[in-house]
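I opened the model today to look up its domains, one helix and one sheet. My notes follow.

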Amino acid sequence: MKLKALNGFKDILPEDVWLWRRIETEARDVFGRFQFREIRMPILEKTELFARSIGEATDIVEKEMYSFVDKGVTMRPEATASLIRAYIEHGLYIHRPVQKLFVIGPMFRHERPQKGRLRQFHQLNAEVLGAHHPRVDAEVMAMAAMLLENIGIEVRLEMNSLGCPECRPTFRAKLIAFLDERMDHLCDDCKRRYSTNPLRVLDCKKTGCREQVEDAPSILDNLCTECDEHFTGVRSNLEQLGVKYSLNKFMVRGLDYYCRTTFEFITNDLGSQSAVGGGGRYDGLVEQLGGPKKIPGIGFAFGIERLVLLLQLKKKEAQNQQELDIFVAGLGEEAAAACYPLVHELRKGGLRVAMDHEGRSLKSQMKQANKAGSGFVVIVGDEELKSGEAILRNMATQEQQTLQLNVDAVKKAINC
Ligand code: HAM
């Protein structure tokens with residue numbers, strides 16, 4: 001029997017890895033502009049960490065975690081909880097009242113795999129700890145939007161506020177009263193959510209449930225004064241920074257730690273996996289996990305697989321990367337032997353160079369050069385060998401010139 005990767009676990013092949021690296025490089029660049037520093041945490045954490053932060057009654061904790069039950073540990077389903085654990089454990093609040101941190105890496109959720117939904121997936125995460133001001137919420141969203149723009153992806157930003165422990169219970173009670181009258185028309189999952197986590201009924205994707213909650217009360221009409229002022233501040237700060245957004249009163253997010261601002265970046269191009277990223281404020285989480293009181297937090301995560309899929313839809317972006325600066329085509333054994341040390345010297349000089357060792361025809365070697373997106377081809381046949389020369393072909397312009405067969409002449413001719 002052939003051995004295959006597990007369902008929902010994917011190899012990332014060389015044809016795609018360069019797109020991943022481009023996204024990661026862009027992320028490091030943009031995060032750096034906002035003074036975010038990288039942090040790396042272990043993949044395995046105590047199960048309790050996720051149950052206490054993400055919430056016992058969430059889909060993630062109830063059914064999607066990869067847990068080693070006998071050992072009490074879990075492969076992280078997301079990065080925020082682990083990051084806060086590390087933040088508290090190392091007292092990162094002591095020397096910097098505001099910490100801006102980012103994480104790039106794999107996460108694990110036992111979901112039903114489909115396009116854009118995997119069991120091992122990867123996130124780009126950014127978190128700010130220790131800042132309350134609405135300007136920070138807007139800045140975090142503006143940073144996420146800048147990253148998308150720099151990568152070349154167009155999606156829309158949707159935003160909501162989930163209020164705080166002061167105002168949410170009142171809204172929850174109103175929502176429960178509203179749902180009471182519609183219970184018979186809700187799906188089985190929503191009937192269950194009604195008692196565990198009624199706000200989640202609002203973002204059920206099933207058409208029947210969507211129709212039922214269309215006229216549900218909006219949390220935005222039920223915010224306390226502080227939450228309302230905060231949200232108004234976020235909106236005007238986003239406008240100041242020129243970040244476009246729309247309000248979505250149905251957005252509740254799938255993790256329990258959120259309060260106030262929540263947001264998602266949405267696309268119509270990936271079928272049902274429409275969120276390429278999401279995040280929000282989690283002002284109570286540090287305290288809830290045993291850290292100092294009143295350290296607020298806000299952050300987001302993008303799914304890298306979904307960003308890559310969107311880039312691949314734009315055919316031009318997904319074209320093969322230029323792998324080589326020069327392909328050296330030695331025609332025949334003697335020419336190949338003469339080219340061999342030249343290739344090594346060019347590589348020592350910092351260039352990306354390849355040659356063929358299997359005696360293939362010029363046509364076939366030109367094909368290899370083309371496939372690798374090589375900028376130039378150096379051609380050496382019997383005649384050139386005799387005269388100590390080579391032909392240099394510029395693959396973009398198709399121009400050819402004759403030059404001396406040595407490193408300096410080649411480097412000079414290609415301007416490096
Ligand atoms: P999340 O919405 O669960 O939030 O995940 C963020 C993003 O990760 C999603 O929008 C999606 O692009 C990607 N993602 C999630 N699950 C999968 C999957 N099974 N396959 C592929 N991609 C997936 C969080 O994880 C929060 N920790 C975000 C956050 C950071 N909030 C505050 N700070």
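I count a contact when heavy atoms lie within 4.5 Å. Helices (H or I, at least four residues) and strands (E, at least two) are DSSP runs, numbered from the N terminus. The model is predicted: local features need pLDDT of at least 70, side-chain atom pairs count only at pLDDT 80 or more, and totals for chains, interfaces and linings use all residues. Residues are numbered from 1 along each chain as its sequence is written, and side-chain values use heavy atoms, without hydrogens and water.

Entry 1, domains. I looked up the assignment, which is automatic or from a database. It gives domain 1 (14–167 + 223–317) and domain 2 (322–413). Their centres, taken over C-alpha atoms, are 48 Å apart.

Entry 2, helix α14. Which residues of α14 are buried (under 20% relative accessible area, 1.4 Å probe, protein chains only)? I found Q365, M366 and A369. Their directions from the helix axis to the C-beta atoms fall within an arc of 100 degrees, so they line one face of α14. The face turned away carries K363, K367, N370 and K371, all exposed (over 50%). The cover over the buried residues includes β12 (326–330), β14 (376–380) and β15 (389–394). Just after α14, G373 has a positive phi of about 65 degrees.

Entry 3, the sheet. I traced 8 strands in an open, mixed sheet, ordered β1-β5-β6-β11-β10-β9-β7-β8. Pairing requires at least two DSSP bridges between two strands. β1 (37–38) and β8 (246–247) are the edge strands. β6 (120–129) and β11 (297–303) run antiparallel, joined by 7 bridges. L124 has F302 in β11 as its bridge partner.
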